[in-house]
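Let's take a walk through this model together, with the viewer open beside the text. We'll begin with the empty space inside and then work along the helices.

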Amino acid sequence: MPSGLWIGRARGVDLRAVGSRNIGATNAYRVLGARWGILVFLLDAAKGFLAVRATHLLALAFGRTASHDALLVAGLAAGVAAILGHIFTPWLGFRGGRGVATSLGVFLAIVPVPTLCVFGLWILLLLLSRRVSVASIGAALAYPFFVFLLPRGDAHRALLVGIAALVSLLVIVRHKANIQRLLQGTEPPIHGGRA
């Protein structure tokens, strides 16, 4: 579900042809305006959140009593599928967004406290640097450590840290071009240039 592409088309713009040519919220924000960029962000986050919650709803709909372990594994699988589907969307030749908002939605449904803390860090980094890429890369680097701070008695802590680390690595790899521009000093702020 490439919401950025669909909203862009509804506004008469193909996000793949303008700005950074990315269908994500940052390019939508720059090209279509704040209102539409925020909407793309919220829809991409909702996509991840609902993918996880759908596993719980399906279990209830079929009258199954699933264990917490089974629901967690199913939710993680559905969430990772949503992230991969966003980044490598089959609708666009397996070229999609960077996965930040969708990852936020997925982990907000699974481990809300560390996720909200890192979202706060993302906002702080955005305010300080005025660059979405800096905020996204910084939050991705920090996220596994925040998940690691879950109580030691949590039986799923190692699994969650591992999945968080893999998703964070994927998000960082998807920012390769941004990292190169940051090193060259050419990465633009949120209100101008390429995302």
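Which residues lie nearest the centre of the largest cavity? They are Val 100, Ser 103, Leu 104, Val 118 and Ala 139, out of 17 residues that line the cavity. Keep in mind that we're dealing with a predicted model here. Four helices each give two or more residues to that lining: α5 (100–110), α6 (112–129), α7 (132–148) and α8 (157–174). Sorted by class, the lining has 13 nonpolar residues and four polar ones, with no charged residues. The cavity's volume comes to about 250 Å³, and a search of the whole structure turns up one cavity of 30 Å³ or more.

Now swing over to the largest pocket, which holds about 580 Å³ of space. It's lined by 33 residues, and nearest its centre you'll find Ala 25, Thr 26, Phe 41, Trp 122 and Val 132. The helices giving two or more residues to this lining are α2 (25–32), α3 (34–61), α5, α6 and α7. The class make-up of the pocket lining is 14 nonpolar, 14 polar and five charged residues. So we have charged side chains in the pocket lining, whereas the cavity lining has none, with the classes drawn so that Asp, Glu, Lys and Arg count as charged.

Helix α7 turned up in both linings, and it's worth a slower look. Its 17 residues reach 25 Å from the first C-alpha to the last, close to the 24 Å expected at 1.5 Å a residue. Even so, α7 isn't straight: there's a bend of about 35° at Ala 142, and a proline, Pro 144, follows within four residues. How many of the 17 residues of α7 are buried? The count is 12, which leaves the helix mostly covered. Among the buried ones are Val 132, Ser 136, Ala 139, Ala 142, Tyr 143 and Pro 144. If you're wondering what covers them, the buried residues of α7 pack against α2, α5, α6, α8 and α9 (176–184).

Step back to the loop between α6 and α7 and you'll meet Arg 130. Its phi is near 60°, a positive value in a residue other than glycine. Is Arg 130 buried or exposed? Neither, quite: its relative accessibility is 49%, so it counts as partly exposed, given that exposed means over 50%.

Next, find Ile 110 in helix α5. With 16% relative accessibility, Ile 110 counts as buried, because the cut-off for that is under 20%. Leaving out residues up to four places away in sequence, Ile 110 touches Val 52, Leu 72, Gly 75, Leu 76 and Leu 160. Measure across to Phe 49 and you'll get 8.5 Å between the C-alpha atoms, though Ile 110 and Phe 49 are 61 residues apart along the chain.

The loop between α4 (68–87) and α5 is where Phe 88 sits. This phenylalanine is partly exposed, at a relative accessible area of 35%. Beyond its neighbours within four places in sequence, Phe 88 is in contact with Phe 94, Arg 95 and Leu 170. Its C-alpha is 9.5 Å from that of Gly 99, which is 11 residues away along the chain.

For a contrast, turn to Val 40 in helix α3. Val 40 is buried, with a relative accessible area of 0%. What does Val 40 touch, not counting residues up to four places away in sequence? The list runs to Ser 3, Gly 4, Ile 7, Ile 23, Gly 24, Ala 25 and Ala 28. Some of those names come back in helix α1 (residues 3–10), where Ser 3, Gly 4, Leu 5, Ile 7 and Gly 8 are buried. Just after α1, Gly 12 takes a positive phi of about 80°. As for Val 40 and Tyr 143, they're 103 residues apart along the chain, with 22 Å between their C-alpha atoms.

Finish in the segment after α9, where you'll find Gly 185. Gly 185 is exposed, at 63% relative accessible area. From its C-alpha to that of Ser 168, 17 residues away along the chain, the separation is 23 Å.

Definitions and conventions
Residues numbered from 1 in each chain as written. Predicted model: local features only at pLDDT ≥ 70, side-chain atom pairs only at ≥ 80, totals over all residues. Heavy atoms only, no water. 1 Å grid on protein atoms, 1.4 Å probe; cavity = no way out; pocket = protein on both sides within 12 Å on 5 of 7 lines; lining within 4 Å. Points joined across faces, edges and corners; volume = space filled by probe spheres on them. Expected span 1.5 Å × (residues − 1). Bend = angle between axes of the 7 residues up to and from the residue. Buried < 20%, exposed > 50% of the residue type's maximum accessible area, 1.4 Å probe, protein only. Contact = heavy atoms within 4.5 Å.
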